[in-house]
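Visitor: I am new to this structure and would like a close look at a single part. Could you pick one residue, tell me about its surroundings, and then take me on from there?

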Amino acid sequence: MTAEARPLPGHRAATAVWLLGGLAAASLARAALNGQVALSAFVAGATFGIVLVAIASMAGWRPASPSVSSLLIGSIGGLVLVAIPRLAHPLMPAVLGMRPEPFAAWVLVTAVVVTGEEALVRGALFAALERAAGPVAAVAVTSLAFALMHVPLYGWQVVPLDLGVGVWLGGLRLATGGVAAPAIAHGLADLSTWWI
């Protein structure tokens with residue numbers, strides 16, 4: 001999962017704009033299809049993840065085998081993301097099965113969504129932005145895109161949290177040079193919401 005995206009024909013910035021447009025369209029479609037029951041949310045989420053991987057692939061992103069250090073850094077990064085809310089709210093109970101959805105299906109859909117988000121946001125989009133404007137711009141724009149893509153589904157109140165998480169995941173991308181570490185951290189954080 002560390003492969004670099006090859007630029008689409010044309011200007012490097014145009015690739016980033018095209019990827020941002022695809023991300024925005026997919027995010028809006030997911031919110032429209034999400035529905036009020038677990039099955040429709042699962043279908044919308046899985047479709048969203050698959051579409052994001054397809055968009056990233058069209059931009060040239062390809063998965064690669066992660067290094068052991070990326071796996072370790074991603075695991076530590078995910079534990080940090082899980083620890084922050086626990087430290088901020090130490091009296092909040094952690095109860096197995098807080099979500100009404102079936103656990104195995106929820107884990108599978110979460111993995112598909114995380115894979116899609118990371119392939120596109122910190123894979124293809126990050127690489128295009130880094131080539132066009134440098135690493136700081138890549139972290140800034142992908143973090144903002146990460147925060148904004150959740151607004152149609154969860155509302156504007158998620159922007160500060162998701163912006164911070166986006167910066168953290170972007171830092172993991174910079175530290176390791178690929179998407180494996182941010183994908184693992186993102187996955188651990190999302191899966192922890194079953195309990196916290």
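Guide: Gladly! Let us start at Ala31, which is partly exposed, with a relative accessible area of 23%; partly exposed means between the two cut-offs, with buried under 20% relative accessible area and exposed over 50%, using a 1.4 Å probe and protein chains only. Ala31 lies in helix H1. Helices are DSSP runs of H or I with at least four residues, strands are E runs of at least two, and both are numbered from the N terminus.

A word on what you are looking at: this is a predicted model, where local features need pLDDT of at least 70, side-chain atom pairs count only at pLDDT 80 or more, and totals for chains, interfaces and linings use all residues. Residues are numbered from 1 along each chain as its sequence is written, and side-chain values use heavy atoms, with hydrogens and water left out.

Back to Ala31. Leaving aside residues up to four places away in sequence, Ala31 touches Pro152 and Leu153, where a contact means heavy atoms within 4.5 Å. Ala31 and Val151 are 120 residues apart in sequence, while their C-alpha atoms are 9.0 Å apart in space. For the chain as a whole, 79% of the contacts with a separation of 6 or more are between residues 24 or more positions apart.

Helix H1 (12–33) also belongs to the elements that give two or more residues to the largest nonpolar core. Such a core is a set of buried Ala, Val, Leu, Ile, Met, Phe, Trp, Tyr and Cys residues joined through side-chain atoms within 4.5 Å. This one has 35 residues, and among those touching the most other members are Leu19, Leu23 and Leu52. H4 gives the most to this core, with 11 residues.

Helix H4 (residues 103–133) is also where Phe103 and Trp106 sit three residues apart, so they are separated by about one helical turn. Their rings form a tilted aromatic pair, 6.4 Å centre to centre with 35° between the planes. Rings of Phe, Tyr and Trp (its six-membered ring) pair if their centres lie within 6.5 Å; planes under 30 degrees apart count as stacked, over 60 as edge-to-face and the rest as tilted. Phe103 is partly exposed at 38% relative accessible area, whereas Trp106 is buried at 8%.

Stepping back, the chain has eight helices and zero strands, and buried residues make up 41% of its 196 residues.
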